[in-house]
Structures are given as structure tokens and as C-alpha cells.
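Work through the exercises below with the sequence and the coordinates at hand. Try each task before reading its solution.

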Amino acid sequence: MAKPRTPESYLPLKPHWFHVLLSLSNDDQHGYGIMQEVLERTDGKIRLWPATLYGTLKRLMDEDLIETSEERPSPELDDSRRRYYRLTKQGRRVLAAESRRLEELVRVIRAKGGLRREASS
Amino acid sequence: MSVSNLAVLLTARLFRALASAFPHEFKNVYGEEMLQTAGDAINPTWRRYGVTGLLRLLLDVALRLPVEYASELRRDVRHSLRTLAASPAFTGVALVSLVLGIGVASCAYSEVNGLLRDVAGVREPRQLVAVHNPISYPTYKRFRELDDIFISTMAYVAPVPFGVSVNGHTERTWGHIVTPSYFATLGVRPRLGTFFPSDERPGQAPNIVISYRFWQQRFGSDPAVVGRTILLNGQSCMIIGVGPRDFLGASPMVFGADLWLPVTADPRAAPELQNGTLERRDLAMFQMLGRLRPGVTSDAAEAALNAVAQQIAATYGDPDRDRKEPRVQLLDGGRALPLRKQDVPFFRQFLMVLGSLLLLIACANVANMMLARAADRRKEIAVRLALGASRARLIRQLLTESVVLALGAAPFAFLLSVVMMRRLSNLAMPQPIPIVLDLNPDWRVLAFTFTVTAFTGVLFGLAPAFRATRTDLISSLKDGAVRFSRHRAVSLRNALVLSQIAASLMLLLITGYMGLGIQNTLGVQEGFDPKDLSLVSLDPVREGYSAARAADFFDKLTTRLRQQPFVTAVCLTDTLPAAVDGNPGVRFSIPKRSVSASVSAHWARKHIVGRDYFETTGIRILSGRGFRKEDQTDTARTIVVSQEAVRQFWNSEDPVAQRIQLSNAEPTGGYGAWPGTLDFRSNISNDGESFQVIGVARDVSEDIIASKRHPAVYFPLRPADYGQPSLRGVTLLTRTRPGFDVISAVRREVQALDPNITISNARTMRDHIAQFMSALKAASWTYAFMGFFGLVLASVGLAGITAHSVAKRAHEIGVRMALGAQQRDVLALVMKEGVILTAIGTVIGLALALSGIRALSALFFSVASIQGYDPVLLIGGPCLLITLALLACYLPARRSTRIDPVATLRLE
């Protein structure tokens, strides 16, 4: 077993990883759900194609950032063939760390006036 | 079916096909889900993006495929590294084995690569052919008329020493005397200036071409060097050109050249050109090289040349004009080391087979250790199989481990071959001429090493991987005992170890015999006294002296040296004891004796020595006298013969005052091919002359390899010979009282007589002998190393077998110990297998070694010189093997005594 890594050691997070973690931040999701969520959230700009999605899920599982969830939604919504994923504690920490990093980045850009000039021009 | 349905269906099918190619582990966990998600996504994708979307979907899965495999490989490599690091002893021994095995194979390949290399800087070397034996200039002139065979031809004399004086500083430099067509035939372009024009007329003021290296070293790459005049053998010559970088002439390995003088030059520029060299048919001193016309085979050229040679022999009525055998043999002219066509496969195969054998031993050994380890790991493997890993997957992972191991060894193996080959390339050769063995590994060797490594990794990993994954799940999981295909696994491993023991013992004994044989000849310089003897070479002819002036100079020098209080004897000589710069030798025919004996029995080694030679070297005169001043005239025909010559030709009767007929022998066997033995000078006319024996000298053992004694004939060194010195020049031998440095005294005296004279090869006789023997010493060390290495490998294999046996029988041992068995009973039980293998292997190895030694005795005298069977080796070798083997069995067997019977019974 590899030694547990600090959340900061994952930063900066790969965009795919970030989006998958973000879609799991509120609810458990199955693969197709994550795909849909990312697509809607980014207005269709980011699309996780199936192979990339499962490649990413596999890496996140290997890194212990997500796990399969035993909780199933209510039977009428449940697709028994699907597996649900949820964040682990470590996954949540990593997501938080990456979010902080991005916020900080945006703050720096704002302080430089970068976005304003862009918007005004 | 609508287009839309068709597209969706086709995409789904393609996606399924690609998904099924994913790594097993990925498919196991995510395969179904991914297919399902893709299936759900295909329709929306088609509606939203059309064909582009579907293509994007397929492209995504196709691109993911290699990524997943790479990631699996990365994990396997990481896992392998961890496993290997966890057992450092195994990893260490395996790495050492592989480094040695792959290193030796790389060395063998470097040697082949270096020896069979093309001449640097030559255009289309494959078109070039060389005539095997040197020919005379008139013969060359006839050969070059074959212009339907050759595009162009050239001839050169090599090696030729020159005294080159630049800015008042003289140095001995090796060069070639060449026909003007030399550079054009090789297809070489000058770096600076020009080469010799084709219409160069004889007797012109000498022009020379120098090598790039010489230009750099002696002229500091001065761009204005063309047109400069330098002193060559005391004559002024003009430099007209500089050769291209790396070009050292037509034969860079054995006769590397730094300057080229045309044959048309004034004969005073080189003693080799004097005495009608270009007209004499009896002076075969020219190497000929030709460029074949396209479509002309080397065989056709050889036939044409032979026809001409036959005509020449018939025209001049040569004594051998009726000879049927071919007179001319062609070699590959474009190779750095000219070889006969039929010899190339030998060089290639012999070395490669030797290298591959050692590599195979190393591989067998590591495979064996991996097998033993597989026994330790069967639980891990069984667990993974039970968890759904496929067998192919596990084999791939185990193979990754062996390839990782091999790749870890590769850089060290390459480094080893670089070091070994550099040492070999720099080995001082016993010849008086500089032989450049450029065997340094290049990119080809690097590529070879890595290819061999990858191959090796698979080779030694495959069998253990297959065997390890063929486990019986239930029993392995239950108690970890080996129940898997037990009989076959053991017999394969035993066969491996058995062959290893036998092979390494044979290797050790044979190499030991060779080594001992060489050691026996080292230092045994019988017949003369190398202590307090120094030698210095002088070559005043290369400083522009005439023979008469040189004689005067030597007279003065020896007189002055004799006056030194610590000098006890001084002499001049042409040949030296313990040197291979020999000559074809002479043929004997004694009057009133039948010539029924074979020709080889009439052959004798030729020495040309000055007066006082026997006193100075300490070679005893057994009968008659040594040379005196009156023998050194041109008309005196006196010789001294060796004891062995007396034994062979006179039935041990005293031959002093008898006359015999001597003629020049033809270069035969090794003497024709061995570089540095070419000596085209001759002091006997071709038809033979009569000589009077004045003394008998004691035999001198002076061969590289102690062999049967050769008969020898000593001729007096005459002042005329100073004008045609050997490649070494004239050597001054000085014997002193112990502890005096005579070399600086000689330097002083030479300086006092003529400051322009340079001296070379200044050293003591002991250093001279050491250099003479260095190649052999290196060989004997190599043999010893190889033998010992094989033995260590075999012991490691045995240790593996015993460890395996212990693991296999842990349960049985536990029960036995619980029932009261003693430690030594248990030890005997687990060591039995190893001991039996050692015993059988020793017997087979001994038998093989003895027959091998007998076969080798026929080839090498050194082996025979130990009288066949040396007790030290014959008993010591197997004893060493048995000791090592028992130790190798005992160490892992000790583990068996630590088995806890209680724990074993609890498992029951």
C-alpha cells in the first residue's frame, strides 16, 4: 500500500478529475450520471466520453479519492445494473484544496484587473 | 433499416470490439459499466453531434486503449521494482549474473564488430579486394594491366618507419610507400592540398601526404602546411596534401600510416626504395589492392590473377613453375583487418558462440533462481488467480519483472564491455609496429546489448512464469505447500543445474589448463639471462646516414659505452630474443644427406646478430665460437647454429667447421598472416648459398607459448645491414653491473656523438619480456575469470535448488522433527538432492574436461606442456567445486532446522 498523500500533493488537479469529484460533491452518482452532470454544468463545453470517464474513475478509485457507494436511490429510480460512486474523505479534502487553489487564482486575476479589462473591451 | 439506426448499431459494435481489447483488470471492474454507459450515450450523441460525435466516441475509446495498457505496465514495473527491492540477495545475485552474461556477450559482439569493421573513410569498401601475400613490383605491373577486371589498382609497402624531422625535432613515424594511384583507388579525397598526380615520374623531388592526425599533432592543424618542407630520413620533402579525418591508410588496424611517400620518389628518401626495389622480382614487398569492375566477382578476379602469375612463373622459368595450387588469394580489401572470405564466418561464429554460451549459462541460472522464488510466491500468485487475474496477465507481470531485471543489468553490462574493450584495445602488442585494435563499442554494440537484454529477459522469465502460474489453487491457498506438477518442475530444474555444474567444471578445468600453461611459459626465458640487460633502438639511416656512416657511428658508440665502468658487455643486433618480429626463416639442406625428410623438418628460425651477442645476452656457446669482427664482412659466409638444429640436422654430432646449404624459406602458416612478421630483407640469394658453421649456441626458449624447441640459425650483422635495418631499427644491447641505469648513459653518449639521432624503444629486457607476454597474460586472466564465474553461477543454482527443496518439504520436515528427528537428519534430507547433483555433475564435467583438454592439446602447445594432467587442477578443481557446492547447499538448508514442529502440526 502506498503511503497516504496530502491533499495538496494532488494539485493542480487534472480538469477531468476535478469535474468528476465536483459532480460527486453533493450526491452519489453512477457513471452516466456523472457524464450528464458535467455536460450540463459546463453548458456542453466539457464532455467526458465513456472510455475517458471510466479511465478517470479507475484512477480516482486507485487513488482512494472515490469509492463505490452501497446506498441505492429509491427503487423506482434505481438501475440495478449501475454502480454508484461517492467521494471518500480524502477525495473531499482534495476537492476542497483544488477549489481553494482556483479561488485564489481567480482572486489574483481579479486583483490584477485582468478580468475587468477583458470584460470592458 | 434507416441510416441513423445503421450508424448507431455500427458504432455500438465497434465500441464493443474495442472495449473487449482493454486490459483484463480494467474489463473485470469497469467493462460492463462502460459498455452500458456508451450504449446509453450513443443515441443522444448521434442526435446532438451526428457522425462527428460517433467518431469522437470511437476515437476516445481507441486512444484510451494504449493509455490503459501503459498504465498497467507502469504498475507492473513499479510492482516489480518493489518485489525486487524486497529480496535484495536474489536481486543482487541475479543482476551480477546478468551483467556478466550480457557483458561478455557484448564484448564478443564488440570484438566481431571491431575486427570486421570497414576501413574508415574509404568509398564503397565492398568493391575492394586485396592480394593475400605481398608481391614484387614487376608482378604488380603485370597485374595492373588487367583493366577488364579492375577499375583501378594500387600497391603499397607497409609498414615503413620514417624518421620525420619537424622544427629540428625528429620522431619515428609509420607510413606507407605507395603507387600514385593509392588514394584514387581507395576513393579518398584530400582534406587539404592534393594527392599524388597519376603521371608522377620516377626520381622526382619527394612529395609526401600526411594524415589528418599527424597534421593535428605535429603541425597544430596549421592551414598553411601544404607546401612546407620537412626532413624525411634526412632528405627534404614537400608536403602536398593532408588526408581526411580518421583516415590512416588502407590497413589501419595492422599497418596504420601517418604519411605516404610515392614509389616514384628519389630512392635516397627511404632505404626500402634502394637497391632496385622496383625492378627486382625476388623482393615481394608490395601489398596490392584493387577496385573490381561492377559485375566482376572476386573469384573471377582471383582466377585472372592466377593465370597471369602462372605466365610470369613460366616466362622466367621459376623453380615452382609447375605448381598446381593457386598462387594468388584475394581478401576483402575494404576491411580494417583483411581476412580471407572463408575466415569471416569463423571469426563471427566462434566469438558469438562463446559469448552466447556464457549468456545462456547466466540465463539458465537466473531462470533457476526465479523458479525457486516462484515456489515462495505461489501463495501470492494463487490469491491473484483466485481474485480473477488471468494466467496471461500474471505471466505478463512476471515477465515484466524479468525484463526489468535484465534492463537494470544492461547499462552495467554495456559499461563492462566498454571497459573491457578499452583495456583490450590499449593492450600493448608484442610486435615492433603499432597495431591499433580499435574494438571500442559503438552504437551498434549498444543496440546489440539492449536487444540481447530484452531477449534475455523474456528468455529467462518465460519458463518460470509459465510454471509459477500453473498452480493448484486449493492446495496453495490452504497451506502454501507445493503440490504443483512437482515431478516435472523438479526435473527441469535439476537438468539445468546438472548441466551447469558439468559445464562450469569443464570450463574451469580447461581454462585452468590454458591459464597454467600460459603461466608456465611466463617468466621462463630459458637459455639467456634477462637480468641487468637493457635495450635501445637506433636507426641512423632514417636520419639521413649512409650505411658506412652508420657503421662508423655504431663503432664509436659501442667503444664509448665499453669504457663506462659499470658496463660489462655491449652488442648490436637486428633480432631480439622473445620477440615476434621474425621472418620467414631459412631452409636447410645438408650435403651428402638424403632429402627424404619432410620440408618442415628443415626449417630454422633466422637471427641476425652482432658480434659479442652471445656474451651480452648470456647465451652459452657450447662448441666453437661466437661472431668476431672478421665474420662481419660481406664475403664471410659464417653462421652459428642452435643446439636443437644440431640435434635435428646432424644427429647431435658436432657440426663446427662443416658447410651447409641455406635458402630462404617461404612465409608459411601463421608467419605469413601474423602482422609484424613481414621482413622482406634477405641476406641469402634465392637459389641458396653455402655457409660454414663456426659455433653451436644453447637453445633459447623464446616463443610466446612454450612449445617444442625450434632450430635456429644465427647470421652475423654486417655493416651493410645498417642500411636496411629491421622495422625496429638496430638494437643496442647493454649488460651492466646490477643497479645501474644504462639507458640515460646511452642517451648521453648518443647525444654527444650526434644530437640529431633519436633513440626509441628504450627499456630493460624485463620490461620487453613483460610487454611480449602481456597479451597472453590478459588471456590467462580472462580464462581464469570465466572459469570462476561459471563455478559461482553453478553454486548459486544449487543454492536455489536446496532452498526450493526446503520450502517444498517444510511440512514433512516439521512432522519429522515433531517425531524426534535430529537436525542433522533433516539437513541430510534436504541436502541429498544437491549432493547427488554435484556428484553426477562432477563426474560428467571431469569426463568432458579431459576430452576437451585432449582435443585442445592438439591445437595449443601450452596445454600439452603441462604433461596433460596436472594434479593441482585435476583434484583441486573438483574439490573447489564440491566445497562451493556444499556451502551453497548448506546455507539454505540451515533454514530447514529452524522449522517449528508445533506450527507445522497446528496446520495439520
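The structure is a predicted model.

**Exercise 1. Cysteines**

Task: State how many disulfides the structure holds over all chains. Then classify Cys107(B) and Cys571(B) as buried or exposed.

Solution.
- Step 1. Look for cysteine sulfur pairs within 2.5 Å. Over all chains, the count of disulfides is zero.
- Step 2. Apply the burial cut-off, under 20% relative accessible area. Cys107(B) has 9% relative accessibility, so this residue is buried.
- Step 3. Cys571(B) has a relative accessible area of 2%, so this residue is buried too.

**Exercise 2. The two chains in figures**

Task: Compile the elements, burial, contacts and surface of chain A and of chain B.

Solution.
- Step 1. Count elements. Chain A has five helices and three strands. Chain B has 25 helices and 21 strands.
- Step 2. Get the burial. In chain A, 41% of the 121 residues are buried. In chain B, the share is 53% of 908 residues.
- Step 3. Take the contacts with a separation of 6 or more. In chain A, 57% of them join residues 24 or more positions apart. For chain B the figure is 82%.
- Step 4. Add the surface. Chain A exposes about 7,400 Å² of accessible surface, with 52% from carbon and sulfur atoms. Chain B has about 40,200 Å², with 60% from carbon and sulfur atoms.

**Exercise 3. The sheet of chain A**

Task: Work out the strand order in the sheet of chain A and find which strands stand at its edges.

Solution.
- Step 1. Read the elements from the N terminus: α-β-α-α-β-β-α-α.
- Step 2. List the pairs. β2(A) pairs with β3(A), residues 84–87, over four bridges in the antiparallel sense. β1(A) and β3(A) are also antiparallel, over two bridges.
- Step 3. Check individual bridges. Ile66(A) has Leu87(A) as its partner in β3(A). Tyr84(A) is the partner of His30(A), and Tyr84(A) is also the partner of Ser69(A).
- Step 4. Assemble the order. The sheet is open and runs β1-β3-β2.
- Step 5. Assign the edges. β1(A), residues 29–30, and β2(A), residues 66–69, each have a single partner strand, so one side of each lacks a neighbour in the sheet.

**Exercise 4. Helix α3 of chain A**

Task: Compare the span of α3(A) with the expected value, and establish how many of its residues are buried.

Solution.
- Step 1. α3(A) covers residues 50–62, 13 in number.
- Step 2. From first C-alpha to last, α3(A) reaches 18 Å, close to the 18 Å expected at 1.5 Å a residue.
- Step 3. Eleven of the 13 residues are buried, so the helix is mostly covered. Among them are Pro50(A), Tyr54(A), Lys58(A) and Arg59(A).
- Step 4. Look past the end. Asp64(A) follows α3(A) and has a positive phi, near 65 degrees.

**Exercise 5. The largest nonpolar core**

Task: Identify the members of the largest nonpolar core that touch the most other members, then list contacts of Leu261(B).

Solution.
- Step 1. The core has 49 residues; Phe162(B), Ile177(B), Ile210(B), Phe219(B) and Leu261(B) touch the most other members.
- Step 2. Find the main contributor. Strand β2 of chain B, residues 150–166, gives the most to this core, with seven residues.
- Step 3. Set aside neighbours of Leu261(B) within four places in sequence. The remaining contacts of Leu261(B) include Phe162(B), Ile177(B), Phe196(B), Leu232(B) and Leu273(B). His176(B) and Asn207(B) are also among them.
- Step 4. Set this against the general pattern: in soluble globular proteins, nonpolar side chains tend to be buried together.

Terms used. Residues numbered from 1 in each chain as written. Chains lettered and ligands numbered in written order. Predicted model: local features only at pLDDT ≥ 70, side-chain atom pairs only at ≥ 80, totals over all residues. Heavy atoms only, no water. Buried < 20%, exposed > 50% of the residue type's maximum accessible area, 1.4 Å probe, protein only. Expected span 1.5 Å × (residues − 1). Core = buried A, V, L, I, M, F, W, Y, C linked by side-chain atoms within 4.5 Å. Contact = heavy atoms within 4.5 Å. Areas by Shrake-Rupley, 256 points an atom, 1.4 Å probe, with all protein chains shown as cover. Pairing = 2+ DSSP bridges.
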